[in-house]
Amino acid sequence: MSMKEIYGQRLLNARKQAGLSQDQLVALIGGKVKKTSIAKYERGEMMPETGVVETLAESLNQSIDYFFRPFTVEISSVEFRAKSSLGSKRAENLKSIIVSKIEKYLELEKLLSMNPDFENPLDDIVIHEAGDVENAAARLCTLWNTGSKGMGNVIGMLEDNGIKVIEIEADDDFDGYSAYANGEIPVIVLRYNRNTTERKRLTALHETAHLLLGFDKNIADAEKERLCHRFAGAMLMPAATLYRELGQLRSLITHRELGLLKDKYGISAKAIVVRAYQLNIISKYLYIKLLSEINTDKYEKHIGSNNSYEKSIRFEMLLSRALSEGLISHGKAAELAGLSIDELLNNLTTND
Amino acid sequence: MISNVAIDLFAVRDLNRVGLLTSFEGLNVRLCTTSTAFGRSMYPSVPVTVMPDEEGGIYIMTLSTDELEEVFEMSMTYREISFTECTVLYMAAKYCQAIITAEPRMCKMAAALGIIVHDYKWFLEQIAGSGIISMTTAWDKLHELKTKVDPSLFRDSNTGISFRLQSAAEVRI
C-alpha cells in the first residue's frame, strides 16, 4: 500500500473509533478542510498537507505515527462472544482497536527477532461432549505443567505458551475475544476495566478453549459456549481437585467455603458452584439456591477476600527489554505503548 | 555564520527541564525540529518560531507533503525509531549540520546517515565556552540532567565526561 492509501485507511479507522461522521470531523477541526477533502483522504486519493495531518491526529486523539503505520495484521471476522447489545458499529470499532494493539505487539516481537510460531497442543482432539472437554483440559494441564492445585497466573501461563493476551478498556457488553492473527498467531483480548480477576481468568480460559478446541460440526454455537465455559472451569479447578476440596456429595456449601476456594484457586464462587453441579457434587436445588445468593452482587464482593490480581505483562516486559537493550528508541517505545514521551519516561522512572 | 542544528524531542524535553533551552540564543546555532515531532508537545514554555528567518527560539520546520512521503519511505527501513523521530532525522540530514540527541538509537541512525551527532555535553560545552553559563554551572546542569532524565540516555556517553567540565568539577572540589 502507498502512503496515501495507508493514511486514508488509518484516518477512516480513527474517525470511526472516535464515532464521528465526516461532517463532525470537519467541525471538530474548525473547518480547516472540507468534507470532500476528508472523503478523498480516506479513499487514499489525496494526501493532506502536513499541518492538516497534525491537526487531524490531535483532534482524533491519535499519534502521528499511527497514521503512517503499515497494515500488517488481519484477523478473522469479529465474533464477539458478548452480550447481544454490542452492535456491528461498535464491534468494528473494537476490532480496529484490537488490530492496532496486535500490530504493535507483533512489531515489537519482530524488532526483538522473536518468532511467533505457535502449535496447537490440542490440534488432534475433536470435542463431541462434556467428557471430551474434561479430558482436553486435563491433557492441557499436563502439557503446560499447571499441576493439579489450580493455576497461579492464567494470563502468564497463556503468554508463556505462545498465546498473546491483550487487555483493552471496553464497556460491560464486551467480555472477551479470541482469534488467530494472520491465520496463525493466537490472540486473546480481555476487558481490564470493571472486571473481577476471577472473571478475567475464566474469560481468558474460555477464549483459550475457542482457540484450541476443535468441535464436532453438529454442535450448535450455544452448546460450544457452554463447553468452552466448562473447559475454563476444568482448567481452573480440575475435577480431582474439586472432589478433594468439597468431597463427592454435599447437601450444603457455605459462603465461607466458597470464599476460601475462590481465594485459593482464583475462580469465582459462581463458577465453583457451576462446576460442583456439573460434577454432581451438589443437587440442582442447591445449585439454584447458591447461584441466587451469589448473584446479589455480580462482582461477588460479599464472598472471599477479593485481593487477587492478574495482569498481562508480557508486552510491557518485551518493551522494557527492547528499550534497555537499545533495540528501539524511546520515541518508538512510547508509540508502541500508546503513551506520550512524558508518560513513558515517568513510567520508567517510577518503576525504577 | 549561524548553523542549523537539529534537536530531537527528548533533547527539547530534557534541556527544557533543566532550564537550558533559552541559553542557546547567544550561540551561532539555530536549533531546529519538525512540527510533526513538536506539534503535540507539552512544552508550551519552550520559545519557538515557525519563520525560517526569524531568530529567538527553536525553529519548528513543517515538512512538505513530498518530504513526508520521503520520511515514510525512510520509516519503512528504520522501524526501530518512531515516524516522528524519522521526521527529525530526515530534517537533520537535509537541512542541518548536526543533531543534538542523547537517544542511543537515534545517535546510531544519525551516525549511519552521516549526520554529526552532538550529545548534551556538547551543548553544555558550547554555552559554557561562550560564557553564557559558567563551567561549574554546566557541571551542575550535567548532573541535573543525569538525575532528571532517564539514565539509559547517558549509557553511551557516561565514559567520556568532557575534559573541560571535568576540570571545572575538580576545581570546585
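**Asking how we know: a sheet, a helix pair and an interface**

User: Before anything else, what kind of model is this?

Analyst: It's a predicted one. Let's start with the sheet in chain A. A:Ala181 stands opposite A:Ile185 in E4(A).

User: How do you know that E3(A) and E4(A) pair?

Analyst: Two strands pair if there are at least two bridges between them. E3(A) and strand E4 (residues 185-191) of chain A have six bridges, in the antiparallel sense, so they pass that test.

User: What makes E2 and E3 of chain A the edge strands?

Analyst: Each of them pairs on one side only. The order is E2-E4-E3, in an open sheet of three strands with mixed pairing. The edges are strand E2 (164-168) and strand E3 (176-181). From one strand to the next, the twist averages 25 degrees.

User: Which helix lies across those strands?

Analyst: That's helix H6 (residues 88-111) of chain A, lying across E2, E3 and E4 and running at about 135 degrees to E2(A).

User: Where do H1(A) and H3(A) meet?

Analyst: On the H1(A) side, look for A:Lys4, A:Tyr7, A:Gly8, A:Gln9, A:Leu11, A:Leu12 and A:Arg15; they meet A:Ile38, A:Tyr41 and A:Glu42 in H3(A). Contact means heavy atoms within 4.5 Å. The contact residues divide into five nonpolar, two polar and three charged. As for the axes of H1 (residues 3-17) and H3 (residues 35-42), they come within 7 Å and cross at roughly 120 degrees.

User: Now the two chains. Why is the meeting of A:Glu107 and B:Arg79 called a salt bridge?

Analyst: The cut-off is a side-chain nitrogen of Lys or Arg within 4 Å of a carboxyl oxygen of Asp or Glu. Here the side chains of A:Glu107 and B:Arg79 meet at 2.8 Å, N to O, so the name fits. The count between chain B and chain A is one salt bridge, plus twelve residue pairs in polar contact.

User: Which helix gives the most to the side of chain B that touches chain A?

Analyst: H3(B), with five residues. Elements giving two or more residues to that side are helices H1 (9-17), H2 (35-38), H3 (65-77) and H4 (83-95) of chain B. By type, the residues on that side of chain B divide into eleven nonpolar, nine polar and ten charged.

User: How much area is buried between chain B and chain A?

Analyst: About 2,900 Å², with carbon and sulfur atoms giving 58% of it. The contact takes 30 residues from chain B and 38 residues from chain A.

Terms used:
Residues numbered from 1 in each chain as written. Chains lettered and ligands numbered in written order. Predicted model: local features only at pLDDT ≥ 70, side-chain atom pairs only at ≥ 80, totals over all residues. Heavy atoms only, no water. Helix = DSSP H or I, 4+ residues; strand = E, 2+ residues; numbered from the N terminus. Axes fitted to C-alpha atoms, helices over the stretch in contact; angles between N-to-C directions. Buried area = accessible area lost by both parts, 1.4 Å probe. Polar contact = N/O pair within 3.5 Å; in protein donor to acceptor, adjacent residues only side chain to side chain. Nonpolar A, V, L, I, M, F, W, Y, C, P; charged D, E, K, R; others polar.
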